[in-house]
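Please examine the fold shown below, beginning with its strands and then turning to its interior. The paragraphs that follow treat the sheets, the cores and the confidence of the prediction in turn.

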Amino acid sequence: MAKKRPQPARGTKPQAQVTDGEVPVVGAREPCPCGSGRRYKACHGRAAAHAVTELVQRPFEGLAGESDWVALRELVPAATAPLTLKDGLPDGVPSVTLATVLPMAWPALRRDDGSVLLGLQNDTPSGDLSRDLADTLRRALTAEPGTPVAAERAPAGGPRLQDLLAADASFEPEVHSGFEFWVPDAENATPEVSASLERANAAAIPTVRLSGVDAAYWCETPEKNHLRWVMPHAEDQLLDALARLHAAGTSSLGEGTRLVGSFRAHGLMVPVWDLPSETKAQDIEKPAAEFAERLAGALASDAPLTPEERRARGGLTNRQVTLS
């Protein structure tokens, strides 16, 4: 049963109205700073969520490694990736690193040595994730060393990540088994950070990025393992290609594996395979590379789908889930 929202006692004076501009942005599940007693997403966060009417479907389009950006945003618990700024690093900033998540869900952190960590898996107040992240990054570059960066609404018309990051730089994520990268000196971490680190490590699903193909991530769960592969192809073209392979019985990654459906995230498709629990990341490297070759052939075909392929396509479409 849903919890009933507490009602003010009779005769109590209603709380003064607070305008949206006076309410700071916080996490969606945190109490709204206006004092209503409701979660932010059900109070002033609702207005913030509709502040931008046009949702940017592919916020990472044009960035190097778009598929990996999507994976780190939606699928990977703990990972980092160095970022290269178009105009170079400012004085006093030795490095800028993207991180899946930061302690206490901070949007960004300027470390004591001046380096910057930018958190990717945070709620953002507008429909343009790239603009929100770019605004956070700009503020982090000028923040005082040793301080986190608070969430704020990005100004309309502000720069996007595509304006700040070097287009010709490679994007090389490193997947971690835990979140120890948060604290270079764990012994001197604050109790709040230490507690946040412990909770995050306990919840992290073991994940490995395959080395032989792009943006494919093996993960381990209690019942079975999975391969989740973010693909940059146009959705209709990819669905047709997967349907051709599925109808031909060549969509699996080997014995005991099965293509079970796909996610749709930030404008890209993420096919998902079930794997036996004993199948580890290294075991799937060769089958994934062989599947990539079969998929390339299917993508190149422009022949009309057969009835069997159309049925396979319908089944794949029905098993799609939209994450964002």
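In this predicted model, six strands form an open sheet of mixed pairing, in the order E7-E8-E9-E11-E10-E12. Two strands count as paired if DSSP finds at least two bridges between them; strands (E, at least two residues) and helices (H or I, at least four) are DSSP runs, numbered from the N terminus. At the edges lie strand E7 (207–209) and strand E12 (320–322), each of which pairs on one side only. From one strand to the next, the twist averages 25 degrees, where angles run from 0 to 180 degrees between the N-to-C directions of axes, which are lines fitted to C-alpha atoms, for helices over the stretch in contact. Residues are numbered from 1 along each chain as its sequence is written. Local features need pLDDT of at least 70 and side-chain atom pairs count only at pLDDT 80 or more, while totals for chains, interfaces and linings use all residues; side-chain values use heavy atoms, with hydrogens and water left out.

Strand E9 (residues 225–229) illustrates how this sheet is built. Strand E8 (residues 216–220) runs antiparallel to E9 and is joined to it by 5 bridges, and a hairpin of 4 residues connects E8 to E9. Within this pairing, tyrosine 217 has arginine 228 as its bridge partner. E9 also pairs with E11 in the antiparallel sense, over 4 bridges, and asparagine 225 stands opposite leucine 275.

Why is E9 described as largely enclosed by the rest of the structure? The reason is that 5 of the 5 residues of E9 are buried, that is, under 20% relative accessible area (exposed is over 50%, partly exposed in between; 1.4 Å probe, protein chains only). In a regular strand the side chains alternate between the two faces of the sheet. In E9, Asn225, Leu227 and Trp229 lie on one side and His226 and Arg228 on the other, and both faces are covered.

Strand E10 (residues 258–265) pairs with E11 in the antiparallel sense over 7 bridges, and leucine 259 has tryptophan 273 as its partner in E11. Helix H6 (residues 235–247) packs on the sheet and touches E10, E11 and E12; its direction makes about 25 degrees with that of E11.

Another set of pairings involves strand E2 (residues 96–99). Strand E1 (residues 79–82) pairs with E2 in the antiparallel sense over 3 bridges, with threonine 80 opposite alanine 99. E2 and strand E4 (residues 116–119) pair in the parallel sense over 4 bridges, with threonine 97 opposite leucine 117. Val96 and Leu98 point one way from E2, Thr97 and Ala99 point the other way, and all are buried.

The largest nonpolar core (buried Ala, Val, Leu, Ile, Met, Phe, Trp, Tyr and Cys residues joined through side-chain atoms within 4.5 Å) has 37 residues, of which Phe60, Trp69 and Leu137 touch the most other members. Elements giving two or more residues to this core include helix H2 (66–74), E1, E2 and E4, and helix H3 (129–141) gives the most, with 6 residues. Leucine 137 is in contact (heavy atoms within 4.5 Å) with Leu85, Val96, Val116, Leu118, Leu164 and Leu165, not counting residues up to four places away in sequence. A second, separate core of 27 residues includes Met231, Leu253, Ala281 and Leu299.

The pLDDT, the predictor's confidence in each residue from 0 to 100, averages 89 for the protein, and 90% of the residues score at least 70. Over residues 1–17 the pLDDT is below 50, and this stretch has 4 contacts in the model beyond near neighbours in sequence. Where pLDDT is low, the predicted coordinates should not be read in detail.
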